[in-house]
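Me: I have a protein model open and would like to talk it through. Can you keep the answers short?

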Amino acid sequence: MMMKKLIAGNWKMNGGLTANDSLVQALLAGLAAQPAGCDVAVCVPFPYLSQVHGLLAQSSIGLGSQDVSAHESGAYTGEVSATMLKDFGVRYCLAGHSERRLYHGETDAVVAAKVQRALAAGLTPIVCIGETLAEREAGQTEEVVKRQLAAVIQANGHCISEIVVAYEPVWAIGTGKTATPEQAQQVHAVLRAQLQAASPQAGHIKILYGGSMNAANAAQLLAQPDIDGGLIGGAALKPADFLTIIAAAK
Ligand code: PEP
């Protein structure tokens with residue numbers, strides 16, 4: 001199905017007041033010269049949400065966070081709730097990025113709870129799923145991504161029509177190794193079928209690809225029928241590259 005694509009940058013733990021300012025100004029200038037034919041978002045570290053919200057005012061770039069708490073409020077030191085994010089003009093939040101699953105022990109159940117909190121606060125969660133290299137080599141790719149997505153579907157029922165899914169093979173994140181367009185498409189088609197079986201309104205759920213997407217390989221990946229956009233790490237910090245990827249997402 002043809003739908004407007006989404007290109008979302010994940011800055012990870014990078015940036016600073018000055019660097020963010022130059023990066024956003026360069027993106028805004030680029031988009032003024034060549035308006036995007038897709039939705040665009042940047043997912044920034046928590047302390048800079050307010051700064052970037054200010055920089056993005058009047059622009060169509062959506063503001064995103066990189067995480068959200070699985071809890072509503074209370075004694076959860078260091079956590080940031082979905083309602084707080086909403087207060088700061090946040091529209092998207094990543095949930096279950098592989099770096100959170102791997103280094104912070106986020107389980108499928110925790111990720112599903114984060115998605116619930118995000119949806120309840122009116123945010124659009126970008127749910128990240130993907131297999132490790134060992135899982136791919138063991139022939140478990142489909143089983144793993146379906147299990148990760150099923151946890152989110154079970155906890156959220158028909159509300160899942162409001163999510164965005166990002167298929168990010170762990171072996172491709174930050175490694176320079178990209179899934180081939182065919183490898184990515186194959187998994188995206190499986191996820192599309194799973195979403196459609198779960199909800200009659202799932203037809204418009206965007207399924208992004210992430211994992212070393214860059215200015216050189218974006219067009220081919222984005223041309224696949226079930227790839228509805230990209231979640232971009234490293235290349236999102238380079239305005240020219242990020243703008244090239246946006247231009248490829250017509
Ligand atoms: C990511 O952080 O979600 C990501 C895809 O990173 P990279 O593009 O650097 O592989």
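Reply: Below we go from the whole chain to some helices and then to single residues.

Me: What kind of model is this, and how are residues numbered?

Reply: This is a predicted model, with residues numbered from 1 along each chain as its sequence is written. Local features need pLDDT of at least 70, side-chain atom pairs count only at pLDDT 80 or more, totals for chains, interfaces and linings use all residues, and side-chain values use heavy atoms, with hydrogens and water left out.

Me: How many helices and strands does the protein chain have?

Reply: The protein chain has 10 helices and 8 strands. Both are DSSP runs, numbered from the N terminus: helices are H or I with at least four residues, strands are E with at least two.

Me: What is the radius of gyration of the protein chain?

Reply: It is 17 Å. A compact globule of 250 residues would have a value near 18 Å, so the two agree. The radius is taken over C-alpha atoms, and the globule rule is 2.2 Å times the number of residues to the power 0.38. Along its principal axes, the C-alpha trace spans about 45 × 45 × 35 Å.

Me: What share of the residues is buried?

Reply: Of the 250 residues, 53% count as buried. Buried means under 20% relative accessible area, exposed means over 50%, and partly exposed lies in between (1.4 Å probe, protein chains only).

Me: And what about contacts across the sequence?

Reply: Take the contacts with a separation of 6 or more. Residues 24 or more positions apart account for 72% of them. Contact means heavy atoms within 4.5 Å.

Me: Let's pick a helix. Which residues of helix 8 are buried?

Reply: Among them are Pro 181, Ala 184, Val 187, His 188, Val 190, Leu 191 and Gln 194.

Me: Why would buried positions come three or four places apart in a helix?

Reply: An α-helix has 3.6 residues a turn, so residues three or four places apart point the same way.

Me: What do the buried residues of helix 8 pack against?

Reply: Their partners include strand 5 (124–129), helix 6 (133–137), helix 7 (141–156) and helix 9 (218–222).

Me: What span should helix 8 have?

Reply: Helix 8 covers residues 181–198, which is 18 residues, and should span 26 Å at 1.5 Å a residue. Its end C-alpha atoms are 25 Å apart, which agrees. The expected span is 1.5 Å times one less than the number of residues.

Me: Which residues does Gln 194 touch?

Reply: Gln 194 touches Val 145, Lys 146, Leu 149, Ala 150 and Ile 153, not counting residues up to four places away in sequence. Gln 194 is in helix 8. It is buried, with a relative accessible area of 14%.

Me: New helix. What covers the buried residues of helix 5?

Reply: The cover includes helix 3 (82–87), strand 4 (92–95), helix 4 (98–103), strand 5 and helix 7. The buried residues of helix 5 include Val 111, Ala 112, Val 115 and Leu 119.

Me: What follows helix 5?

Reply: Gly 122 does, with a positive phi near 85°.

Me: Which other residues have a positive phi?

Reply: Lys 12 is one of them, with phi near 50°, and is not a glycine. Gln 58 is another non-glycine, with phi of about 75°.

Me: Are those two buried or exposed?

Reply: Lys 12 counts as buried, at 18% relative accessibility. Gln 58 counts as exposed, at 84%. Lys 12 sits in the loop between strand 1 (6–10) and helix 1 (17–33). Gln 58 is in the loop between helix 2 (49–56) and strand 3 (62–65).

Me: What is Gly 233 in contact with?

Reply: Gly 233 is in contact with Asn 10 and Lys 12, leaving aside neighbours within four places in sequence. Gly 233 and Asn 10 are 223 residues apart along the chain, yet their C-alpha atoms are separated by 4.8 Å. Gly 233 lies in the loop between strand 8 (229–232) and helix 10 (239–248). Gly 233 is buried, with a relative accessible area of 18%.

Me: Last one. How far apart in space are Glu 135 and Met 3?

Reply: They are 31 Å apart, C-alpha to C-alpha, and 132 residues apart in sequence. Glu 135 is in helix 6. It is partly exposed, at 21% relative accessible area.
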